[in-house]
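Work through the exercises below with the structure open beside you. Try each task before you read its solution.

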Amino acid sequence: MTFGRKTAIVGVGYSAIHREKGVDSRPLATTAAKNAIADAGLDVSDIDGIFEYPGSGELSIDMQRMLGIENLRCFGDYAASGPSGLAAALGAETAVASGQCDVALVFRSITREWGQQSGQVVFPPAGGPLQYQMPYGVAGAIIPVMGMKKQRRFAEFGGREEDYGAIAVNARKWSALNERAVLRDPITMDDYLSSRFVSEPLRLLDCDYPITGACAVIITTAERAADLAQKPVFIDASALGTGGRPDWTFTDDFVFGGTRACSNTLWERSSVTPADVDVAELYDGFTHITISWAEALGLCGIGEFGDWVDGGATIGPGGSLPMNTNGGQLAEGRMHGLSFLAEAALQLRGQCDVRQVDGARVAVVANAAGPQCGAMVLTS
């Protein structure tokens, strides 16, 4: 089910990805945008909408100026709210479907400094709920909160550290097949289990890797997509979700947040079911989030991830449900989730070379956690 006009992803673009600090992200964002436009077989002048989720400072009007676009009919800057990098894509889809614009550029640029500082923000004197969190070093979706969520999951559903380790090990199996990935060396389960705690029981290898880079996609109508350069990848359904009493810490569901509510809406709108999914691209800023999405989306039962993942065999190359096939943010690098949408589109176009999932026709993409969740189902 779509809202108004049927929409499709028709272009994908990346910049180079850097591990060092001090790299200017503006030319990287422009490069990713131009690459996505060229990939679609479009001209810069065809873009009449720009949507982004800011990190390093670029806004939609900055991108308009850098690309030399005369006017935008629609634009959106998501001000670091919503389901991280997917927020802009959800906004662009709605704008195209409703006729506010015809061809939307979605981009996400990020610097390594931004990724590292996001957990080290200097806050003014705390009021409201923060006054009860700040004395313990907890503010928002940062490492101490994720450590507590992992602990809560063990308390509610049991499971083992190896369940989380399967996600980290799997990321490196896929990143070894992705030339863009910054962490391509394999790791073992012993490597995972011996990695240091950053907020017990959360380990270093449960956390994504900050990088500097940019990613972009182009969204337009299905009608226009039929005449463009690439095989269109259709947006079958999309959804947002907050869950009950939305908050990162003071919430009714500390394990799942809004993922289950978002997933319920997604499948109600979709023409397919979880059983039809060929490839899953699930947010892995922290491994806890990936497990929560897998269960919330119905890819396995609630509390059953450990048995379902089968030590990683299910989600790895050749598995029955390949997951995070670009290496994810754990290994390709943290581009805050828009890269998952790009990867899903490439998989459904059959253009992922050695990491291509045979016969991939349906993909699910899920982003963020806590009170700001978003997801999409894509079909070929």
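The exercises go from the whole chain to single residues, and the model they use is a predicted one.

**Exercise 1. The whole chain**

Task: State how many helices and strands the protein chain has, then judge its compactness from the radius of gyration.

Solution:
- Start with the count: the protein chain holds 14 helices and 11 strands.
- Next take the radius of gyration, which is 19 Å.
- The globule rule gives 21 Å for 380 residues, and the two values are close, so the chain is as compact as a globular protein of that length.
- For the extents, the C-alpha trace spans about 55 × 50 × 40 Å along its principal axes.

**Exercise 2. Inside and outside**

Task: Find what share of the residues is buried, and describe the accessible surface.

Solution:
- Of the 380 residues in the protein chain, 60% are buried.
- The accessible surface comes to about 14,400 Å².
- Carbon and sulfur atoms own 49% of that surface.
- Now look at the charges: there are 30 positive and 44 negative ones, and their mean positions lie 3 Å apart.
- Finish with contacts between residues at least 6 apart in sequence: 75% of them join residues at least 24 apart.

**Exercise 3. The nonpolar cores**

Task: Which residues have the most contacts inside the largest nonpolar core, and which helix gives that core its largest share?

Solution:
- The largest core has 91 residues.
- Leu282, Trp293, Leu341 and Leu378 have the most contacts inside it.
- Helix α14, residues 338–349, gives the largest share of this core, with eight residues.
- Zoom in on Trp293: leaving out residues up to four places away in sequence, its contacts include Leu282, Tyr283, Cys262 and Cys373.
- A second, separate core has 27 residues, among them Ala36, Leu42, Leu67 and Phe234.

**Exercise 4. A residue in a strand**

Task: Locate Val217, decide whether it is buried or exposed, and list some of its contacts.

Solution:
- Val217 sits in strand β7, residues 213–221.
- Its relative accessible area is 0%. The cut-off for buried is under 20%, so Val217 is buried.
- Beyond residues up to four places away in sequence, Val217 touches Ile9, Ala36 and Leu341, among others.
- Two of these names have come up before: Ala36 belongs to the second core, and Leu341 is one of the residues with the most contacts in the largest core.
- For a distance, take Glu20: it is 197 residues from Val217 in sequence and 25 Å away, C-alpha to C-alpha.

**Exercise 5. Two positive phi angles**

Task: Ser84 and Asp353 have a positive phi although neither is a glycine; find where each lies and whether it is buried or exposed.

Solution:
- Ser84 has a phi of about 40°.
- Ser84 is in the loop between β3 (74–77) and α3 (86–98).
- Its relative accessibility is 3%, so Ser84 counts as buried.
- Asp353 has a phi of about 55°.
- Asp353 is in the loop between α14 and β10.
- Its relative accessibility is 65%. Exposed means over 50%, so Asp353 counts as exposed.

**Exercise 6. A loop shared with Asp353**

Task: Ala360 is in the loop between α14 and β10; is it buried or exposed, and what does it touch?

Solution:
- The loop between α14 and β10 (362–367) is the place of Ala360.
- Ala360 has a relative accessible area of 8%, so it is buried.
- Apart from residues up to four places away in sequence, it touches Asp278, Gln347, Leu348 and Ser380.
- Pro322 is 38 residues from Ala360 in sequence and 9.9 Å from it in space, C-alpha to C-alpha.

**Exercise 7. A cis peptide bond**

Task: Describe the peptide bond from Glu200 to Pro201, and place Pro201 in the chain.

Solution:
- The bond is cis, with omega near 10°.
- Pro201 lies in the loop between β5 (197–199) and β6 (202–203).

**Exercise 8. Two glycines**

Task: Place Gly370 and Gly76, and give their contacts.

Solution:
- Gly370 lies in the loop between β10 and β11 (373–379).
- At 7% relative accessibility, Gly370 counts as buried.
- Not counting residues up to four places away in sequence, Gly370 touches Thr242, Trp248, Gly257 and Gly258.
- Gly76 is in strand β3.
- Gly76 is buried, with a relative accessible area of 10%.
- With residues up to four places away again left out, Gly76 touches Ile50, Phe51, Glu52 and Ser60.

Technical notes
Residues are numbered from 1 along each chain as its sequence is written. This is a predicted model: local features need pLDDT of at least 70, side-chain atom pairs count only at pLDDT 80 or more; totals for chains, interfaces and linings use all residues. Side-chain values use heavy atoms; hydrogens and water are left out. Helices (H or I, at least four residues) and strands (E, at least two) are DSSP runs, numbered from the N terminus. The radius of gyration is taken over C-alpha atoms; the globule rule is 2.2 Å times the number of residues to the power 0.38. Buried means under 20% relative accessible area, exposed over 50%, partly exposed in between (1.4 Å probe, protein chains only). Contact means heavy atoms within 4.5 Å. Accessible areas come from the Shrake-Rupley method with a 1.4 Å probe; for residues, only the protein chains shown count as cover. Lys and Arg count as positive and Asp and Glu as negative; His and the chain ends are not counted. The place of a charge is taken as NZ of Lys, CZ of Arg, CG of Asp or CD of Glu. A nonpolar core is a set of buried Ala, Val, Leu, Ile, Met, Phe, Trp, Tyr and Cys residues joined through side-chain atoms within 4.5 Å.
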